[in-house]
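Please have a look at the fold below, starting with its sheet and then moving on to a helix and the nonpolar interior.

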Amino acid sequence: MKVIGKTLLLTFITCGLTAAILFAMDHYYMGGSGSDKINTDKMSAKSTVLRSDALGKNNGRDAGPQPMASAQTGGTLAGRGQEKTGRDASNVQKSTAEAQTAGGVQKSAAGGQTAGGSQKSGGKAGKTAEKQKEKADKNQEKGAGKNNQQKEDAQKKHTFCRVSKRYFSDAVFIGDSRTVGLMDSGLLPDATYYAKVGIGIQGVLSQRFISEDGTMLTLEEALSRHSFAKVYLMVGINDMSGGDVEWFMEKYREILDIVQHTQPDAIVYIQGNIPMGYYVQDFSGGALNNENLKLRNEASAQLAGKSSIFYLKVEDLYTDANGNLNTYFSADGLHIKPEYYPIWVDYLLHHAAVQE
């Protein structure tokens, strides 16, 4: 009995285990969880063959529920697939978003780089413009320096020194009654004089005040007939009420143009106008005064400094402490007494520009 009992117990246990195994297998193939699928995916080739044999042997039994199992399994897999697809899509979207974000960052970075490049280019362009400006300024300074150097060189070519009266043998003096007085003094007899009492700067340009062989000539006509090595100018006091300083400068330039055109190799001396005496000036608002004459002298001095044009401060020879014509040297407050012309001539003898 005991043997039979043990045999029955073993049989029961064996049957139970077989039933359990069969139940488990049926449960799996009727549809399982995601983890089952994952485990199935991990099944060995042998398990796959066994599964196929089992399906073949149980074909009749599983014919009904198999489609449902397939549908359920498909649904589950589809769900998993959808879930996975959703996750994948989410991941794709996330990746796309990240890519877009990254792209945006890259684009922003590129834009930043572009902006930086633009700023850099702008900075470079600014630096280039600045360098060009600096170069232009240097060139301008260099040009100005060159012009100044040329002026200095022109002055250096001639040195003021003392000469004899023979120096004036090829000189011409152009002016008004003061120049007539210099001519009448006879101190420089070999010089030529184009002068007239009462003539002004406009008259020097337009009047026929020079007599040669019975013919009256203009300044330009007379200069065109001769060649002078030195030209002395003192003119303008008789035009004090006829125009302002700008007009005076314009006319003085016209005279210089004529002189340099007709006497291109001559040394030109601009002599400052000798001032008037205190009592002959107009202090009631008129133009006939030494303050106005001083402005004209200063303006004409600016025309000097060019090649072979020199300014001589003759205006300082006869003035008193206040800049007026000293009554000691003049009887009428306008003209120099004949006995004092040697002061003027001596100054000219000591201020001759001789080429080195």
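β7 (267–271) and β8 (309–312) run parallel and are joined by 4 bridges, with F310 in β8 as the bridge partner of Y269. This is a predicted model, where local features need pLDDT of at least 70, side-chain atom pairs count only at pLDDT 80 or more, and totals for chains, interfaces and linings use all residues. Residues are numbered from 1 along each chain as its sequence is written, and side-chain values use heavy atoms, leaving out hydrogens and water. Helices (H or I, at least four residues) and strands (E, at least two) are DSSP runs, numbered from the N terminus.

The open sheet has 5 strands in the order β3-β2-β6-β7-β8, with parallel pairing; strands pair if DSSP finds at least two bridges between them. Because β3 (192–195) and β8 stand at the edges with a single partner strand each, one side of each has no neighbour in the sheet.

Several elements each supply at least two residues to the largest nonpolar core, among them:

| Element | Residues |
|---|---|
| β2 | 171–175 |
| α6 | 201–206 |
| α7 | 219–224 |
| β6 | 230–234 |

A nonpolar core is a set of buried Ala, Val, Leu, Ile, Met, Phe, Trp, Tyr and Cys residues joined through side-chain atoms within 4.5 Å; buried means under 20% relative accessible area (1.4 Å probe, protein chains only). This core has 33 residues, and α8 gives the largest share, 8 residues.

Now for α9 (residues 290–301): its buried residues include L293 and R296, and what covers the buried residues includes α8, β7 and β8.

Definitions and conventions
Buried means under 20% relative accessible area, exposed over 50%, partly exposed in between (1.4 Å probe, protein chains only). Contact means heavy atoms within 4.5 Å.
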